[in-house]
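Please find below a short note for a colleague who is meeting this structure for the first time. The points are numbered so that each may be read beside the display.

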Amino acid sequence: QVQLVESGGGLVQPGGSLRLSCAASGSISSINSMGWYRQAPGKQRELVATITNGGSTNYADSVKGRFTISRDNAKSMVYLQMNSLKPEDTAVYYCNAEALGVMWSTNVYWGQGTQVTVAS
């Protein structure tokens, strides 16, 4: 099992920056990739960014060029640097991890979420 804890959320003005952190613990050696998702009020949870063990990244079109995902394997941490924030970025941000399960299965883990509010 894997436990994920997010931190770094808060209130920021449009155009500002914020960095989210996610600490992973447990069976971290089984993790294949990690990422960030977000869910705004009245909307479905959507992918923001992912990063593999090898460092390959993937971003949603809406955040490409503004957000950067990174990881520190030594600390079992993943980060999301958010720049040029817009009100549309307001959401609860969730850390995600995908790990190997039995046979061909994949176990998906989620953090508790951290609120990001972009407003004047």
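1. In this predicted model, four strands form an open sheet in the order β1-β3-β8-β7, and their pairing is antiparallel. The edges are taken by β1 and β7, each of which has a single partner strand, so one side of each is left without a neighbour in the sheet. On average, neighbouring strands of this sheet are turned by 15° against each other, direction ignored.

2. The pairing of β7 with β8 is antiparallel and consists of 6 bridges. Within it, serine 70 is placed opposite tyrosine 79 of β8.

3. Strand β4 covers residues 31–39 and deserves separate attention. Of its 9 residues, 7 are buried, so β4 is largely enclosed by the rest of the structure. It pairs with β9 (residues 91–100) in the antiparallel sense over 8 bridges; here tyrosine 37 has tyrosine 94 of β9 as its bridge partner.

4. Strand β4 is also joined to β5 (residues 46–52), by 6 bridges and again in an antiparallel arrangement. Tryptophan 36 faces alanine 49 of β5. The hairpin made by β4 and β5 has 6 residues between the strands, and glycine 42 adopts a positive phi near 80° in this hairpin.

5. The largest nonpolar core contains 31 residues, and the members that touch the most others are Leu4, Met34, Trp36, Leu80, Met82 and Tyr93. At least two residues of this core come from each of β1 (2–7), β3 (18–26), β4, β5, β7 (67–72), β8 (77–82), β9 and β11 (114–118). The most is given by β9, with 5 residues. In soluble globular proteins, nonpolar side chains tend to be buried together.

6. Which residues does tyrosine 93 contact, once its neighbours within four places in sequence are left aside? They are Glu6, Leu20, Trp36, Tyr37, Arg38, Val48, Phe67, Leu80, Met82, Gly113, Thr114 and Val116. Among these contacts, Trp36, Leu80 and Met82 also appear in the list of core residues that touch the most other members.

7. Asparagine 96 is likewise worth inspecting; it lies in strand β9. Is asparagine 96 buried or exposed? Its relative accessible area is 3%, and because the limit for a buried residue is under 20%, asparagine 96 counts as buried. Beyond its neighbours within four places in sequence, asparagine 96 is in contact with Leu4, Ser33, Met34, Gly35, Tyr37, Val108, Tyr109 and Trp110.

How values were computed
Residues numbered from 1 in each chain as written. Predicted model: local features only at pLDDT ≥ 70, side-chain atom pairs only at ≥ 80, totals over all residues. Heavy atoms only, no water. Buried < 20%, exposed > 50% of the residue type's maximum accessible area, 1.4 Å probe, protein only. Pairing = 2+ DSSP bridges. Core = buried A, V, L, I, M, F, W, Y, C linked by side-chain atoms within 4.5 Å. Contact = heavy atoms within 4.5 Å. Axes fitted to C-alpha atoms, helices over the stretch in contact; angles between N-to-C directions.
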